[in-house]
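Trainee: I have this model open on my screen and would like a close look at one part of it. Could you walk me through a single residue and what surrounds it?

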Amino acid sequence: MTDYFASYGDTPSAPATRALAVTPHDVNALSDVPKALYVGTAGNITMRGVNGTADQVWKNVAAGTVLPFRAQYVRATGTTAADMLALY
């Protein structure tokens, strides 16, 4: 398959090229900082951005939402959303 965009630079606003399942954890950071998070099952998400100094609770995030947020941590405590994917 030809990838007509292979010569273009990757930027935070460019479409993701891979996705990894997110397992919320109270201590461990995500393995890499994603471009965005996909939420498969609705709920709250407690997370901290890559340049953040405190956790924030994103309430009532709908299923199917893509959050353009570069999270460093997705905490287990306070997170009720599920089936999340980190988009890279």
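Mentor: Happy to! A polar contact here is a pair of N or O atoms within 3.5 Å, where one atom must be able to donate a hydrogen and the other to accept it. Keep in mind that this is a predicted model.

Let's take Lys35, which sits in the loop between strand 1 (19-21) and strand 2 (36-41). Is Lys35 buried or exposed? Its relative accessible area is 13%, and because buried means under 20%, Lys35 counts as buried.

Now follow the side chain of Lys35. One polar contact takes it to the backbone oxygen of Thr11, at 3.0 Å. Another leads to the backbone oxygen of Ala14, at 3.1 Å. Thr11 and Ala14 also appear among the residues that Lys35 touches, once those up to four places away in sequence are left aside. From that part of the chain, the list also includes Asp10, Pro12, Pro15 and Ala16. Further along the sequence, Lys35 touches Pro68, Phe69 and Arg70, as well as Leu87 and Tyr88.

For a contrast, look at Tyr4, in the segment before strand 1. Tyr4 has 64% relative accessibility and counts as exposed, whereas Lys35 is buried. Together with Phe5 and Tyr8, Tyr4 forms a nonpolar patch on the surface, and the accessible area of these residues together is about 470 Å².

So much for the surroundings of Lys35; if you want another stop, strand 3 (residues 43-49) pairs with strand 4 (residues 56-61) in the antiparallel sense over 4 bridges. A hairpin of 6 residues joins the two strands, and Thr46 has Val57 in strand 4 as its bridge partner.

Key
Residues are numbered from 1 along each chain as its sequence is written. This is a predicted model: local features need pLDDT of at least 70, side-chain atom pairs count only at pLDDT 80 or more; totals for chains, interfaces and linings use all residues. Side-chain values use heavy atoms; hydrogens and water are left out. Buried means under 20% relative accessible area, exposed over 50%, partly exposed in between (1.4 Å probe, protein chains only). Contact means heavy atoms within 4.5 Å. Patches are made of residues with over 30% relative accessible area and no salt bridge: like charges are joined within 9 Å, nonpolar side chains (Val, Leu, Ile, Met, Phe, Trp, Tyr) within 5 Å. Accessible areas come from the Shrake-Rupley method with a 1.4 Å probe; for residues, only the protein chains shown count as cover. A salt bridge is a side-chain nitrogen of Lys or Arg within 4 Å of a carboxyl oxygen of Asp or Glu. Two strands pair if DSSP finds at least two bridges between them.
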